[in-house]
Amino acid sequence: MSQYHDDEEDENFGDDEDEEELEPEPEPFPPPPAQASDNPLPQATLPILVLMQQIIDAIKTSGLQDDIKEPEKLHSLGNPPKTTPPLDPIMLMSIKIFKTLALGSQQMYDGVRAALSEHPTGPFEIHSYYITRQKLETQTGITEIRTDMCPKACVAYTGPFAQLENCPECGVSRYKTDDKLPEQQFYTIPLGPQLQALWRTPQNAFFMKYRNCRTQEILALAKKNGGIMPLYEDVFDGKEYLDAYLAGQVREDDTLVMFSWDGAQLYKDKQSDCFFGIWIVLNLSPEIRYKMKYILPALIIPGPHEPRNTESFLLPSFRHTSALQRSGLKAYDGHLSKYIITRPFTAFNGADAVALPKVSGQVGHKGALSCRVTCGMPARLRDRKYYPAALKPFNSSTAGSGHPDIDVCTLGGPDPNQYQMNLRIMLQSKTITSYNQNRRLTGIVRPSICLGFEANAMFRIPMCFPIDLMHLISINIPQHLIHIWRNTSEARFQYTGTKPDFIVLDNERDWNRHGDLVASTHQYLPASIDRPPRNPAAKINTQYKACEYMMYLWSLGPALFCLVLPHHLWTHFCKLVCGLRLVHQRRITYQQAVRAHNILNEWESEFELKYYARDEQHLHLVRPSIHAVIHLARETIRCGPLNLLAQWAMETTIGNLGEEVHQHSNPYANLSERALLRAQMNVLKAIHPEVDTDKPHPRGSLVLKHGYLLLRACDRYDHKILDCDELRTLHNFLAQRGLPLVTSLIRWARLRLPNGETVRCAWKELENRNTRTSRNVQFKSGDSLFYGEIQYFFCLTIANQKHAFALISHFSDPDQDLLEQSHQTLYVAHYHGKQALEIIDVFFFFFSIERLNYTSVNYTVNRSWLRSHMGIVKKNYER
């Protein structure tokens, strides 16, 4: 199969979605904004708007029987069992083998079954592939909803198209023959049975209570701190959720979900577009929420064509969810041992800049009001294209570009009342001319399909459309900056006379030299970074991955671009790095959000002055992605950490489902079946925990407290310490604790942190000549954070208990000038080797870091630079 890849956006896909402005002392929990008018929306008369209102009405007035036709399945949905019948030994063995071979084919399963049946001590009986699949369906209750569609993906035959026999767009027949056999269908996987399974067992029901427990903790913390949230570490810390909870809109038994969807090309070398939808269960803790077994498949739209009327394809999934919101979903709470009525509360809807308008109904990234946060800032027109520049160009000659300067600090966030007023204006359009005028005036193309959800079981529009941090900072901004510095692609422009100082990599020799420098960093990066950035000069046009861009610009960037950018542009770039590192942390404090807001606002204003410089010919350098950064901090306050709402889970699902496609003669049907099988296996793991067995710890490992694990290699016999510095450090450490002095100990080579990352040591990495470096760490000593190189790990028995420690070599204090000039993003320090040894408890490690040999024109001595605390590269763990 060809390489399966993400639907990466062009650099002009300025992104994303929503945000409010951050002020120094906002009200912590102000009352929710006044509700928009409860009067019904006016009935449209323009066909394009009438059609959308019909789709919304089909969602709002639906019943569960509209999609689930079989009476026994409807009865099961309304009367879920308290427990699931146990699996007999043969079926349990069959399912375990089936699960192990899930990425393979039916032929592989049949081969294993045949081999077991011929075993000399057996035969061992397992069920056939067909019987096992049938049992999966009956045990889990998960089946697909099949819906007819145009083979060219123009429409799905749902809602207003349900009775048609020919596509209204292309005229192709719906059926192959007169016996009503459809040309093509797509799968929708109902949400209700998947949620019921998560509530059924005691363990998963306990996990589903995380939201309630966390909410009470947050309210107590806010009360203790005078109403201010000091720390944002989940969506429940965000103002949007807390307002809805305090207003009684979110109930105790509700199940908060997020719908996420995106498209991708299944094969690299041919048209093969297909679209995926998933549900993310926000009730679960972030530590498990994004694991594969908790990601619920929603729908698969087969290719090779991109769907034209997207809402008709989303309708079955949204209609089923809307019906559950109205009637409630009966589920058995295995933790409390009682039935409950839960509602799927659709909190957020996630998509990238291209897919979001199909759900939100707003204009795309090239519109006059293109901001995904709907802040209302008008873009400036040049050559029939809009660019969101705040500053008015000098001598503007284009109508639509001459409005006065805009202070970005005064821009607001998403406003549901304004949306309602704008939508009413749009729906009253009588002609195509008035429709086009109102579209430019309001930024709305059509009503959002999300209006079909129950108003009291969702965050209001457009508050439910968060910024997609993944595509914004991992693709859009990096691609755009690289194109500017290279003067390539759509950022390219002609100049006369002196070359602008921001074009620094247009020379092929300089670009290739820079690319070689990026590739040379691999050996210094931790092995836990599974996709280090490749040479951009050779690979940036061949599927350069989002995680590569992140490491390239936001981790290595301050060191790499110090050598090529003029100093004032380098410090300006470091401002962006600083702000993005802050908002992309797993946990962000209120003070950090304020700092990020201020520094990103400064960066955007300075970007316009330094790059666009009020020159209308440079207006195309200000893309929507540049504008979007001013909203990131305020959106963090509103929604919680934005990396928890980004498209990472969606893109990962696209990748691993695509890898399971092996039937290339009919890949789209194969893909749909794999998504259905994924949903069934997820539910099976939820209701039969014995099927979902954890991997055992590695052989010879030593289990410590708090999820830490010492891993081999280790000394078979006591290692006698011969180095004087090591021995002195050890004796001082033992003497301070009143422990007997020793001269030998057992060394360990590796430590696994609770986040799954493995830290190594100089003892084995140097001995084995590893190609990657994982021995440099950030650690805590006293109340401060430091960086150092681990020499080795060892254990001591204290009070009859084993305690693990590490011998570590401290790096020096950072170069303060570089640290300040880089806005705390470039940490340059000396390596002192064994002259700066210290012994610390392994529980003080946070994550491994990269350490490069760094040479600058201002520094002729080799130094080591370490990145400062940066949540966007490695997961942090706070005990």
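1. Surface. The accessible surface of this predicted model comes to about 36,200 Å². Carbon and sulfur atoms account for 51% of that area. Of the 879 residues, 59% count as buried.

2. Overall build. The protein has 28 helices and 26 strands. Its radius of gyration is 29 Å, close to the 29 Å that the globule rule gives for 879 residues, so the protein is as compact as a globular protein of that length. The C-alpha trace spans about 90 × 90 × 55 Å along the principal axes. Among contacts with a separation of 6 or more, 71% are between residues 24 or more positions apart.

3. Charge. There are 94 positive side chains and 97 negative ones. The centres of these two sets lie 4 Å apart.

4. Confidence. Mean pLDDT is 87, and 92% of the residues reach 70 or more. Two stretches need a caveat. Residues 1-37 have pLDDT below 50, yet this stretch has 172 contacts in the model beyond near neighbours in sequence. Residues 854-879 are also below 50, with 94 contacts counted in that way.

5. The cis bond at Pro304. Which residues does the cis peptide bond with omega of about 10° join? They are Gly303 and Pro304. Pro304 sits in the loop that runs between strand 6 (295-301) and helix 11 (310-327). As background, most peptide bonds are trans.

6. The cis bond at Ala713. A second entry for the list of cis bonds is the one between Arg712 and Ala713, with omega of about 20°. Here the residue after the bond is an alanine. Ala713 is part of strand 14, residues 709-714. A reader checking the backbone can go to this strand for the Arg712 to Ala713 bond.

7. Positive phi at Ala153. Most residues other than glycine have a negative phi. Ala153 is not a glycine, but its phi is positive, about 65°. The residue lies in the loop between strand 1 (145-149) and strand 2 (184-188). Is Ala153 buried or exposed? Its relative accessibility is 1%, so Ala153 counts as buried, the cut-off being under 20%.

8. Positive phi at His706. His706 also has a positive phi, near 60°, and is a residue other than glycine. It belongs to the loop between strand 13 (702-703) and strand 14. Relative accessibility is 38%, so His706 counts as partly exposed.

9. His584. This histidine is in the loop between helix 20 (567-583) and strand 12 (588-589). With 5% relative accessibility, His584 counts as buried. How far apart are the C-alpha atoms of His584 and Leu710? They are separated by 30 Å, with the two positions 126 residues apart along the chain.

10. Pro641. The loop between helix 23 (632-639) and helix 24 (648-659) holds Pro641. Its relative accessibility is 0%, so Pro641 counts as buried. What does Pro641 contact, leaving aside neighbours within four places in sequence? The partners are Tyr232, Glu233, Asp234, Gln585, Arg586 and Thr636. Pro641 and Leu734 are 93 residues apart in sequence, and their C-alpha atoms are 43 Å apart in space.

11. Thr398. This threonine is found in the loop between strand 11 (385-387) and helix 13 (416-427). At 23% relative accessibility, Thr398 counts as partly exposed; buried would require under 20%. Not counting residues up to four places away in sequence, Thr398 touches Leu381, Arg382 and Glu616. The C-alpha atoms of Thr398 and Gly515 are separated by 40 Å, and the two residues are 117 apart along the chain.

12. Asp516. Asp516 is in helix 16, residues 508-519. It counts as partly exposed, with 48% relative accessibility; the exposed class begins over 50%. Asp516 and Ala538 are 22 residues apart in sequence. In space, C-alpha to C-alpha, Asp516 and Ala538 are 9.2 Å apart.

Notes. Residues are numbered from 1 along each chain as its sequence is written. This is a predicted model: local features need pLDDT of at least 70, side-chain atom pairs count only at pLDDT 80 or more; totals for chains, interfaces and linings use all residues. Side-chain values use heavy atoms; hydrogens and water are left out. Helices (H or I, at least four residues) and strands (E, at least two) are DSSP runs, numbered from the N terminus. The radius of gyration is taken over C-alpha atoms; the globule rule is 2.2 Å times the number of residues to the power 0.38. Buried means under 20% relative accessible area, exposed over 50%, partly exposed in between (1.4 Å probe, protein chains only). Contact means heavy atoms within 4.5 Å. Accessible areas come from the Shrake-Rupley method with a 1.4 Å probe; for residues, only the protein chains shown count as cover. Lys and Arg count as positive and Asp and Glu as negative; His and the chain ends are not counted. The place of a charge is taken as NZ of Lys, CZ of Arg, CG of Asp or CD of Glu. pLDDT is the predictor's confidence in each residue, from 0 to 100.
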